[in-house]
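Work through the two exercises below with the coordinates open, and attempt each task before reading its solution. The model is predicted.

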Amino acid sequence: MSAREIKPTTPITVRDAAFDLFRAFGMTTVFGNPGSTELTMFRGFPSDFRYVLGLQESVVVGMADGHAQASGNAALVNLHSAVGVGHALGSIFTAFKNQTPLVITAGQQARSILPYEPFLYSAEAANLPKPYVKWSCEPARAEDVPHALARAYYTAMQSPRGPTLVSVPVDDWDHLCEPLAAREVSRLTLGDPTLLAKAAALLAAAKHPVIVAGPSIARDGAWAETVLLAERHEAPVWASPRSPRNAFPEDHRLFAGFLPPDRAQICARLQGSDLILVLGAPVFMYHMEGHGPHAPPGAALVHLTDEPGAATWAPVGLSIVTHLRHGIRALLEVNAPTRTAPTLPARPAPVVSDRLTDDYVMGRLAALRDRHSIIVEEAPSTRGAMTRHLPMLEPDTFYTCASGGLGHGLSAAVGVAIARPERKVIALLGDGSAMYAIQALWTAAELKLPIAFLIINNSGYQALNEFGRLFDIQALQGTTIEHLDFCALAKGHGVAAERVDRCEDLDAALTAALAATGPMLLDIRVVSH
Ligand SMILES: Cc1ncc(C[n+]2csc(CCOP(=O)(O)OP(=O)(O)O)c2C)c(N)n1
């Protein structure tokens, strides 16, 4: 066909082209908090889309993060110009560390007045969220916006996944452009077969292999393969330090426990092994300064990761960049020698207490909750009690933030509940943590989401008190939070609430919150150990 014979396509608006793409990508839920520079995006909002309103941008991105992680697809987010992106930056940082795919659109002033630095102008809109987006841009022309949005989606979904941002001037949405068809773009990296064969041979030759299971096992759907591999090799399995996802059944006979984010303690736990196989986690995630070896002397280390960066900065071992399920399947190609079952640390005894400690609360929650219910956790000093007494038993039933930035848990629980309406979601929150994202209660109430918000209330920033002792500081400033009334806060946002002060009232309150068809908050007044 000659150029003359090619029929021009009928132009459509940038908005219609964009929404056609969003629909093709399965992104029909928009998480947002609108402003004047975004209103035109939603003119004639299509009836097959829904808009989930969050009352502050940090909460909007947190909800989108939970939704994207639980649904397995990128979430669409709309933020208001520089200030909305600014409010959201902490949550964008967390989404980046969580490897959560997000396509963020941010409003910008009209192109014709940009030279005059107008009200709400975002001076360097594409730079503002860097380096915590995988890609960002403000397209040169209005008609380039659909292409930028498509690129943002493909990039967000490529492994390792993460957030992307497109800044769109307010007048672009009504502009005419060519329609743009969605494309298939590959997302995964499959590991080098030669290196995977080498890793499999090292594993088969090891006498005492041990597995460190990390979050990318969950992200890449490799739970069953990891169980098979551990059983095949009689390898104890440790959860990787500060893992934001659950990657292995925590009641399995080979589950050894949780590695702390501390160099010396990691070496101590892994001592005696001659091969450490790290699956889908960095080598290693540290929180405190440490010295000495990164792995016990004499042990080889093999590392399967979906993060090219993490492969390059790992201080020791053979690192292979690969989709985890593919990589583990390659390791399963090789048979194992006969090995005897390892001796593992004893499990903590069930808690019997007449004091409302976090250990006691975790034990009762484990006894009363459905094993398929989903825990979204942000209760820093309770994490230890949780690992001791609240095992995660099913895949994709645990989420916490990978970044260490508070403000994720409450809003992520809302996003998870929207994505998984058939499941009970339990948000396990410190009193301090809850206050970083309290507005998300309103969205949970409006959408009648079945979330049990459990505030583990110790009237302060207990984790910091514990850290203070590590730094040898006895009297800390700014770690006490008293006079907060969570029941009043919950009710003010439309959420039913109850306060629990005594052990004997806990079971009934938990049973009610777990059975509720809508959101319910329990303000559980725990005593410190
Ligand atoms: C955005 C942000 N600000 C501050 C901190 C520092 N920080 C770490 S743990 C913590 C205390 C959290 O308190 P709470 O949720 O009540 O849990 P607790 O430590 O009492 O278990 C704080 C403030 C952080 N991690 N993130």
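**Exercise 1.** Determine which polar backbone atoms approach the oxygen atoms of the ligand, and then describe the shell around the ligand.

*Solution.* Begin with Gly 432, where a backbone N or O atom lies 2.7 Å from an oxygen atom of the ligand. Continue with Gly 460, which places a polar backbone atom 2.9 Å from a ligand oxygen, and with Ala 463, for which the corresponding distance from a polar backbone atom to an oxygen of the ligand is 2.7 Å. Next, consider the surface: the ligand taken alone exposes 590 Å², of which the protein buries 78%. Then assign the shell to elements, noting that helix H14 (431-434) and helix H16 (462-470) are those that give two or more residues to it. Finally, classify the shell residues, which divide into 6 nonpolar, 9 polar and 1 charged; of the 16 residues around the ligand, those that come nearest include Ser 381, Gly 404 and Ser 433.

**Exercise 2.** Establish the strand order of the open sheet formed by 6 strands, and locate the helices H2 and H3 that pack on the sheet.

*Solution.* Following the pairing, which is parallel, gives the order S3-S2-S4-S5-S7-S6. The edges are strand S3 (50-53) and strand S6 (135-137), each of which pairs on one side only, while the twist from one strand to the next averages 20°. Within the sheet, strand S5 (residues 102-108) pairs with strand S7 (residues 163-169) over 7 bridges, and Gly 107 stands opposite Val 168 in S7. Helix H2 (residues 57-71) touches S2, S3, S4 and S5, its direction making about 175° with that of S4, whereas helix H3 (residues 81-98) touches S4, S5 and S7 and makes about 150° with the direction of S4.

Notes. Residues numbered from 1 in each chain as written. Predicted model: local features only at pLDDT ≥ 70, side-chain atom pairs only at ≥ 80, totals over all residues. Heavy atoms only, no water. Near = heavy atom within 4 Å. Polar contact = N/O pair within 3.5 Å; in protein donor to acceptor, adjacent residues only side chain to side chain. Areas by Shrake-Rupley, 256 points an atom, 1.4 Å probe, with all protein chains shown as cover. Helix = DSSP H or I, 4+ residues; strand = E, 2+ residues; numbered from the N terminus. Nonpolar A, V, L, I, M, F, W, Y, C, P; charged D, E, K, R; others polar. Pairing = 2+ DSSP bridges. Axes fitted to C-alpha atoms, helices over the stretch in contact; angles between N-to-C directions. Contact = heavy atoms within 4.5 Å.
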